[in-house]
Every structure is written in structure tokens, then in C-alpha cells.
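Colleague: I'd love a close look at one part of this model, the way its aromatic rings meet. Please start there, and then take me through whatever surroundings help to place it.

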Amino acid sequence: FAVEDGTIGQIRRSPLGVTLCMGPFNYPLNETFTTLIPALIMGNTIVAKLPKYGGLCQIPLLDAFRDSFPPGVVNVLQGDGATLVGPIMESGDVDCLAFIGSTKVSNILRRQHPKPNRLRCITGLGAKNPAFVLPDADVDVAVKECLAGSLSFNGQRCTAIKVIFAHASIADDFVSRFAKKVDALKGGMPWDEGVQITPLPEDGKPAWLAGLVTDAVAKGAKVVNGGGAIQETFFHPAVVYPVTETMELYRTEQFGPIVPVVRYQNESELVDWVRTSPFGQQVALFGRDPAGIARLVDALVNQ
């Protein structure tokens, strides 16, 4: 029982029903199970569509599901998403969608359900997470953190820094130091010691990334480090500066090893960029004035 404002209520928890769990290729086991396990704990039955890449890491768990639950409680499917998932959603038998992936696919799945207003949705979608480097920031700290934030796991994380806004008074200095650190990153295969940048798993991804860089350069930006070259499925990390609102990189989520840097003059530009973004996820702030940081946190926390 709980008492709220003089009202006594009994809280009981119950399952929602059939839950369709879909995780992303970049964290094929962790992100699939971060929805599947809580859904199971709450007593829901599961239909799990495995990601396009990374299916092999799921195999040892299939025996565990078979041995631990009655038949039909955990149903695991592998294959083309458009072929498999469309009929499942169109059946109307899915009560809850737990989906981590792109906004585009999420919207398609919702529209396929015959009763979309009854469908419960738990989603983690695309993001263009900005880092705001304020004029009083410790540049060395900002460079170190932005390097890890933007390029760990090739930048293929929904929570990665996808664009950096550096104040005009320090932007050139920041970019110069940042570009040197990016060029010092070791590329290679993921099992080689010390490797920090690896080949990309998606078909055609390096060429698509190169198209974003070409668009930015054609509109006045430069690749300020030694990046941008392609070797088979390997894309050398590119720092692109200065990126402006005319370029695709300003808004498009690259989900790969490109780091766009924008020069800004006024704080209002930062708040307006987040407010008008089609995405919502997180922001990184770098500065040394507590009052200034607090003011931005207040303005950004609900965005």
C-alpha cells in the first residue's frame, strides 16, 4: 500500500502481454536483452527479432531459454526485418513494442499495427547528441572527453557525441588539438592490441559517410585532419570544420567516424539547435562557470 496526499492506494504490477523485442546491430546482445529480460521478469511473453548483424552471439542463450521457460514464452526469430516483422505487427497480437534502433523503422512498425493507439512502446531511437564547448572550458579536458565520446566504438553508439559546438573564441585551438588526437588513434581489426578504430559492419556505410563529407566540403567546410579515406570497409575518422546549417552533417546522424565541429557565438544558438532538432537524447557541456552551466542545464534538460 502507498499513501499519497491522504489517499491510500494499493500498487500491483502485471504484465502487458506479448512483447516484441528488437535490438540494434551495434550492441546486438546487450541492447536486445536490456528490454527482453525486464519484459520476462514482469511475466510477458516474448517475440525477439534478432539484429541484422551479431546473431551468432545469441546462440548460446537459445538453449538457456528452452530449458528455463515453457514452450512459447520466448520466441526468437532471425531474418530480414521487413519480411518477418511486418506480418507480426499487422496481426495486432503485439501488445508492447520494445525497440532500439532508427526513428524511421520505429515509425514504420507503429503504423503497421492495426491498433496503434493501444500499442505500448518503449523505444530508444536515433540521436544527434551535441557537445557544447563553452568559452571558459578547459580545452584539454574537452578534447579528451570529446575524443572518447565521438569515436569510441567508431562513433556507432546512440549515446555518442555526433556534433561539437565550439565557441568562436576557442574553436580553432580546440579543432587543432582535437584533429591531432584523432589522427593518433590506431586503426585495425578489433582483436589487435591497442586498436581504437575498426572496419564498419554495414554494407555501403563508408561510401555513405564519404557522401556526407563531400557535401560539407562542397559547401565550405574542410577535413582538418588526415581522415576521410576508405579502405574496403574501413573509414578513416574525419574531423570536418567549420560545419554550418547548410550542410547535411549539421542535422543528419552520421552514426560513424565523422566528427563535425560547428563554430558558435551566442548561447541562444545552442538552445535553439537542440530545441529544433528532430532528435532527443543527451548533451555534453564543457565549461568552468557553475552558474553558466546551470543556466544551460535548466534550458536543455526537458529538450
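Modeller: Happy to! Let's start with the group of rings: Phe132, Phe165, Tyr250 and Trp273 are joined into a cluster by ring pairs. Please keep in mind that this is a predicted model. The total is 10 aromatic pairs. One of these is Phe25 with Tyr53, whose ring centres lie 5.7 Å apart. Their planes stand at 85 degrees, so this pair is edge-to-face, the cut-off for that class being over 60 degrees. The two partners come from separate stretches of the chain, 28 residues apart. Phe25 sits in the loop between β3 and α1, while Tyr53 belongs to the loop between β4 (45-49) and α2 (59-68). Their exposure is worth a look too: Phe25 is buried at 18% relative accessibility, whereas Tyr53 is partly exposed at 23%. The dividing value is 20%, so Phe25, with its 18%, falls on the buried side.

A second pair has another geometry. Phe65 and Phe69 have their ring centres 6.4 Å apart, with 40 degrees between the planes. Pairs count as stacked under 30 degrees and as edge-to-face over 60, so at 40 degrees this one is tilted. Here, too, one partner is buried: Phe65 has a relative accessible area of 13%, while Phe69 is partly exposed at 31%.

Two more phenylalanines deserve a stop, this time for their backbone. As background, most residues other than glycine have a negative phi. Phe153 has a positive phi, near 55 degrees, and lies in the loop between α5 (139-151) and β9 (161-167). Phe255 is also a non-glycine residue with a positive phi, of about 45 degrees, and is placed in the loop between β13 and β14. What about their exposure, buried or exposed? Phe153 counts as exposed at 55% relative accessibility, whereas Phe255 is buried, at 15%.

The loop that holds Phe255 has another backbone feature to show you. Most peptide bonds are trans, but the one from Tyr241 to Pro242 is cis, with omega near -10 degrees. Pro242 is located between β13 (238-241) and β14 (258-264).

Further along the chain, two helices pack together. Such a packing is described by the angle between the axes and the distance between them. The axes of α8 (267-276) and α9 (290-300) come within 10 Å and cross at roughly 25 degrees. Angles under 35 degrees count as roughly parallel, and α8 and α9 therefore fall into that class. Their crossing is right-handed. The residues that meet are Glu267, Val271 and Val274 on the α8 side, and Arg295, Leu296, Ala299 and Leu300 on the α9 side.

Ala299 also serves as a landmark for the spread of the chain. Gln10 and Ala299 are 289 residues apart in sequence, and their C-alpha atoms are separated by 37 Å. Gln10 lies in the loop between β2 (7-9) and β3 (18-22) and counts as exposed, with 53% relative accessibility.

For a buried residue in a helix, try Thr35. This threonine is part of α1, which covers residues 30-41, and is buried at 12% relative accessible area. The Thr35 side chain reaches the backbone oxygen of Thr32 at 3.1 Å. Beyond its neighbours within four places in sequence, Thr35 touches Cys21, Ala98 and Ile100.

Finally, here is the whole that these pieces belong to. The protein has nine helices and 15 strands, and its C-alpha atoms fill a box of roughly 60 × 60 × 35 Å along the principal axes. Buried residues make up 42% of the 303 residues. Of the contacts with a separation of 6 or more, 69% are between residues 24 or more positions apart. The Phe25 and Tyr53 pair, at 28 residues apart, is one of the links between distant parts of the chain. If you go back to the viewer, I'd begin again with the cluster of Phe132, Phe165, Tyr250 and Trp273.

How values were computed:
Residues numbered from 1 in each chain as written. Predicted model: local features only at pLDDT ≥ 70, side-chain atom pairs only at ≥ 80, totals over all residues. Heavy atoms only, no water. Helix = DSSP H or I, 4+ residues; strand = E, 2+ residues; numbered from the N terminus. Buried < 20%, exposed > 50% of the residue type's maximum accessible area, 1.4 Å probe, protein only. Polar contact = N/O pair within 3.5 Å; in protein donor to acceptor, adjacent residues only side chain to side chain. Contact = heavy atoms within 4.5 Å. Phe/Tyr/Trp six-rings, centres within 6.5 Å; stacked < 30°, edge-to-face > 60°. Axes fitted to C-alpha atoms, helices over the stretch in contact; angles between N-to-C directions. Parallel < 35°, antiparallel > 145°, perpendicular 65-115°, else oblique. Left-handed = near helix turned anticlockwise from the far one by under 90°.
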